[in-house]
Every structure is written in C-alpha cells, then in structure tokens.
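This report covers a pocket and a helix pair. The structure is shown first.

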Amino acid sequence: MESDQGNHVVVIPSPDKSLSSVDHQKSQSLVDHHPLAEISSSPGHLLLLKLLHREEEGHGRQTAKLENHATSLRRDAFSLSCLFLAFHFLSVILLFSSSVDPLHGKHKCQMWWVPSSVSVVTSLILVLCVQLRVIGYWRVERALGKERTDGRALLRRILELRMKGSSYDLWKDTAGPSTGSAIAGTVKRLKSSSVEVKWMAPFKWCSRNFVTICLLCFSGLMFPVSKFIVCS
C-alpha cells in the first residue's frame with residue numbers, strides 16, 4: 001500500500017493590535033496613578049517630599065554627631081577609670097616600699113594621714129572627672145533617643161506620603177485646637193504613667209552612676225588601707 005504524505009501548513013495568527021493597545025493603555029494608566037507619579041505632578045506634595053527628605057538628612061547628620069560624642073565620652077570615662085586604678089596601684093607600691101625601711105617607723109606611723117589624704121584628694125578629683133563624663137554621656141543619650149524617635153516619626157511620614165500620593169493631606173500636621181487638646185491629654189497620660197514608675201528612679205540612678213559609686217567605694221577603702229600599710 002502506498003501512503004501519501006500530505007503537507008501540513010501551520011498558520012500562526014498575527015497578534016491583535018487592539019489587545020496590545022489596550023494593555024498599553026492599562027499600563028500607562030497604572031503609571032499615571034502611581035503615588036510617586038501623582039507626587040511629581042503635584043507641586044505641593046513634591047515640595048513636601050523634598051523638605052521631608054532634607055529634614056531626614058539633617059536628622060541623620062545630627063544622630064551621627066551625637067553617637068560620635070557619646071563614644072568619645074565613654075572612652076574618656078574608661079581612660080580616667082584606668083588612670084584611677086593605676087594611681088592607686090602605684091601608691092600602694094610606694095607605701096609598701098617605704099614601710100620596709102625599719103628606721104623612723106614610729107614617725108612614719110604618726111604621719112600616716114599624709115599619704116592617705118593625698119590619695120583621697122587625688123581619687124576625688126579623678127572621680128569627679130569621671131562623673132562629669134558620665135553625666136555628659138547620659139545627657140547625650142537622652143538627646144540621641146529623642147533624635148531617633150523624631151527620625152522614626154519623620155520616616156513614617158515619608159512612607160505615608162509615598163504610599164498615598166496626592167491624596168495625602170498637606171494640612172494634617174497643622175496644630176489646630178483639637179490637636180492641641182489631644183496633645184495635652186497625651187502629656188497628662190504620660191505624667192500619670194511616670195508617677196507609677198517613680199519608685200524605679202533610685203535603681204535607675206544607681207545603674208547610671210554605677211562606675212562612680214564603685215570608684216568612691218574604692219577610694220574610701222584605700223584610706224584605712226594606707227594607714228595599715230604605713231603602720232604595719
């Protein structure tokens with residue numbers, strides 16, 4: 001049997017120009033209604049976005065400056081604490097070396113208050129310098145916390161503006177009477193909540209000044225130790 005092999009022709013339909021034009025119109029409408037496109041077409045919203053970005057950059061620079069200042073204060077406090085310990089280490093060595101000499105032992109014991117007083121005065125000066133750095137550090141930390149909170153609030157405003165586009169209310173941050181009363185109510189609630197945790201203030205103060213407390217205790221301990229070393 002003979003079998004004829006026929007030629008099969010496959011016809012590929014040409015794309016519909018009407019469908020491609022519809023898709024192009026849809027994509028164009030999506031681009032036109034995008035929030036960033038709406039912002040670029042609205043001078044007020046575009047100006048607000050630029051101002052918010054400029055303010056965000058200012059917050060970033062201020063935050064970096066405060067972080068560097070806090071690091072410098074912490075480094076200074078650590079260096080002064082090391083100097084405090086080195087001073088007492090050297091003073092103990094000198095007292096031991098002077099107490100080895102058996103001559104004039106009674107006279108040295110009568111003058112025990114001289115090295116002790118020098119040790120206490122020097123210790124208080126170093127402790128005061130450390131405490132000044134500690135106070136400055138926590139002051140910078142409070143300012144840094146406020147800057148970070150303001151930066152997060154500013155970032156939320158920028159994100160909200162980018163998401164809403166031209167529908168973002170330009171006057172929403174204007175402080176009217178109702179907004180002022182709301183802020184006053186918030187302040188009252190914060191004050192009432194701060195009274196509830198007032199008993200935590202001493203523990204918070206001790207945790208912040210722990211280094212100074214330890215240095216003062218060590219200074220008070222070295223006063224009788226100096227007498228014991230000289231008179232032993």
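Helix H3 contributes 5 residues to the lining of the largest pocket, the most of any element. The model is a predicted one. The pocket has a volume of about 220 Å³. Its lining consists of 14 residues, and those nearest its centre are Arg74, Ala77, Phe78, Val134 and Val211. Two or more lining residues come from each of helix H3 (43–99), H5 and H8.

H5 and H8 also pack against each other. Helix H5 spans residues 113–164 and helix H8 residues 210–231; their axes come within 9 Å and cross at roughly 170°. Because angles over 145 degrees count as roughly antiparallel, H5 is roughly antiparallel to H8. On the H5 side the contact includes Pro115, Val120, Leu124, Val127 and Val134, and on the H8 side it includes Val211, Leu215, Met222, Phe223 and Lys227.

The residue classes of the pocket lining and of the helix contact are as follows.

| Site | Nonpolar | Polar | Charged |
|---|---|---|---|
| Lining of the largest pocket | 8 residues | 3 residues | 3 residues |
| Contact of H5 with H8 | 12 residues | 8 residues | 1 residue |

One residue of the H5 and H8 contact is threonine 212, which is found in helix H8. Leaving aside residues up to four places away in sequence, threonine 212 touches Val127, Val130, Gln131 and Val134. Those four are among the H5 residues that meet H8. Threonine 212 has a relative accessibility of 8% and therefore counts as buried, the cut-off being under 20%.

Definitions and conventions:
Residues are numbered from 1 along each chain as its sequence is written. This is a predicted model: local features need pLDDT of at least 70, side-chain atom pairs count only at pLDDT 80 or more; totals for chains, interfaces and linings use all residues. Side-chain values use heavy atoms; hydrogens and water are left out. Axes are lines fitted to C-alpha atoms, for helices over the stretch in contact, and angles run from 0 to 180 degrees between N-to-C directions. Angles under 35 degrees count as roughly parallel, over 145 as roughly antiparallel, 65 to 115 as roughly perpendicular and the rest as oblique. Contact means heavy atoms within 4.5 Å. Ala, Val, Leu, Ile, Met, Phe, Trp, Tyr, Cys and Pro count as nonpolar, Asp, Glu, Lys and Arg as charged, and the others, Gly among them, as polar. Buried means under 20% relative accessible area, exposed over 50%, partly exposed in between (1.4 Å probe, protein chains only). On a 1 Å grid over the protein atoms alone, a cavity is a set of points where a 1.4 Å probe fits but cannot get out, and a pocket is an open set with protein on both sides within 12 Å along at least five of seven lines; lining residues have an atom within 4 Å of a point. Grid points are joined across faces, edges and corners, and a volume is the space filled by probe spheres set on the points.
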